[in-house]
Amino acid sequence: MPKRPLTWAMLMEEFQHGGPYVHFLAFILFNILGIVILHYVFKWLIRLLTKYTHVRKEDWESTFRFMPVLLGMQLGSQLTKDILDLPKFVRHILNAHFHSLVIVTVTLFVAHLTSSYLKSRLSRSEERSSSMSILSTVVDIGVYMVGFLFILNSYGISISPLLTALGAGGLASALALQDTLANLFSGITTIFSKQVRMGDYIKLASGEAGRVVDMNWRNTTIRTATGNMIIVPNKNIAASNVMNYEQPLAECTISIPITITYDNDLQKVEQVTLDVARYILKRSEYGVSGFEPLVRYDQLGEYGIRFQVVLRIRNILDEATLKHQFIKRIFNRYREENIQLLVRHD
């Protein structure tokens, strides 16, 4: 029997006695109402959680992403079932729809919550908190797969054959993607061993140096002092020698070589140099004021005597600035004290 076209009279009759068109319209309106209500509820909840916890607003927004829409659709489905007089088969469809929404909501919430927690725990500080794509990717894929299997199971679809197929396919994929998996597991191992953390300033065996800003499923991104990016495969990070300037402390000692002529008083040179070094460490924002500087003569050269001035800086990136400040002041002080620096004319 062909369907009759929708007329205004039919629509008015459905408004009075109910019908599929009115029920569908009510379902859409209930969903919109639920989404709007939940949007403001979560907006208030995020503001409250930000105020009374140490978690940033952006992290709570990431955790509750898509929740107002999904919970609003669940509320709309429930209102549709409770208020409208629906046929049995429509109620069955709405029940399946409601259960699927519940599983999707729980899946997304667990994935977002776990990713946010891991990133907040493994980031060094708020200033250095950087994205950690490898954790987000691994956690999200794992949780999404479990949620997908639960959805299939809720519709009565057997997941045992699918698990068997995934096992066989996983073995074949592992053989075909050896390099990719090596990078993936190298990245996970590096993160959880905490030998390299987000925000650490590292130097590779090949000579490149910079701050770690991201580690995804394939590579590690390092930002150099000039702002350029170095992309390094994770397995190279795990297999090579890496100098980490942030562990166990960001503070480190540096030495500045100076050469003077043989006609200087070494005791006077040492005293003047230590005075300048203490002044710089105390006044400069880059130096460690509690550190006692050292002067160590280490070479009797052909034309003069060389020694090392040992200072301590707050961070390896401060080395160039502190050296600049020290050299300017020591040069002027040597001129005042008539201390002769070695000048070679080749």
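Colleague: Why do you call the contact between glutamate 337 and lysine 268 a salt bridge?

Modeller: The closest N and O atoms of glutamate 337 and lysine 268 are 3.7 Å apart. A salt bridge needs a side-chain nitrogen of Lys or Arg within 4 Å of a carboxyl oxygen of Asp or Glu, so this pair qualifies. Before we go on: this is a predicted model, where local features need pLDDT of at least 70 and side-chain atom pairs count only at pLDDT 80 or more, while totals for chains, interfaces and linings use all residues. Residues are numbered from 1 along each chain as its sequence is written, and side-chain values use heavy atoms, with hydrogens and water left out.

Colleague: What makes you say that glutamate 337 and lysine 268 link distant parts of the chain?

Modeller: Glutamate 337 belongs to helix H11 (residues 319-337) and lysine 268 to helix H10 (residues 266-283), and the two are 69 residues apart. Helices here are DSSP runs of H or I with at least four residues, strands are E runs of at least two, and both are numbered from the N terminus.

Colleague: How do you know whether glutamate 337 and lysine 268 are buried or exposed?

Modeller: Neither extreme fits. Buried means under 20% relative accessible area, exposed means over 50%, and partly exposed is what lies in between (1.4 Å probe, protein chains only). Glutamate 337 has 26% and is therefore partly exposed; lysine 268, with 33%, is partly exposed too.

Colleague: Which other salt bridges can you show me, and how many are there?

Modeller: The whole structure holds 7. In one of them, the side chains of aspartate 275 and arginine 278 meet at 3.4 Å, N to O. Those two residues are about one helical turn apart, because they are 3 residues apart in helix H10. Aspartate 275 is partly exposed at 31%, and arginine 278 is partly exposed at 33%. Another joins aspartate 298 to arginine 306, with the closest N and O atoms 3.1 Å apart. Aspartate 298 has a relative accessible area of 37%, hence partly exposed, and arginine 306 is partly exposed with 29%. There is also a network, in which salt bridges with shared partners join Lys268, Arg333 and Glu337.

Colleague: Why is the ring pair of tyrosine 297 and phenylalanine 307 called what it is?

Modeller: Rings of Phe, Tyr and Trp (its six-membered ring) pair if their centres lie within 6.5 Å; planes under 30 degrees apart are stacked, over 60 edge-to-face, and the rest tilted. The centres of these two rings are 5.3 Å apart and the planes stand at 65 degrees, so the pair is edge-to-face. The total by this rule is 3 aromatic pairs. Elsewhere, ring pairs connect Phe42, Trp60 and Phe64 into a cluster.

Colleague: Where do tyrosine 297 and phenylalanine 307 sit?

Modeller: Tyrosine 297 lies in strand E7 (residues 294-300) and phenylalanine 307 in strand E8 (residues 304-313). They are also bridge partners. Phenylalanine 307 is at 0% and therefore buried, whereas tyrosine 297 is partly exposed with 30%. Strand E8 is mostly covered, with 9 of its 10 residues buried.

Colleague: How do you know which strands pair with E8?

Modeller: Two strands pair if DSSP finds at least two bridges between them. E7 and E8 run antiparallel with 6 bridges, and a hairpin of 3 residues joins them. Strand E6 (residues 252-261) pairs with E8, also antiparallel, over 10 bridges; there isoleucine 256 faces valine 309 of E8.

Colleague: What makes E4 and E5 the edge strands of their sheet?

Modeller: That open sheet has 5 strands in the order E4-E3-E2-E1-E5, paired antiparallel. E4 (229-233) and E5 (242-244) each have a single partner strand, so one side of each is left without a neighbour in the sheet. Further in, E2 (residues 209-215) and E3 (residues 219-223) pair over 4 bridges, with arginine 211 opposite arginine 223.

Colleague: Why is phenylalanine 24 called exposed?

Modeller: Phenylalanine 24 has 54% relative accessibility, above the cut-off given earlier, and therefore counts as exposed. This residue is found in helix H2 (residues 20-52).
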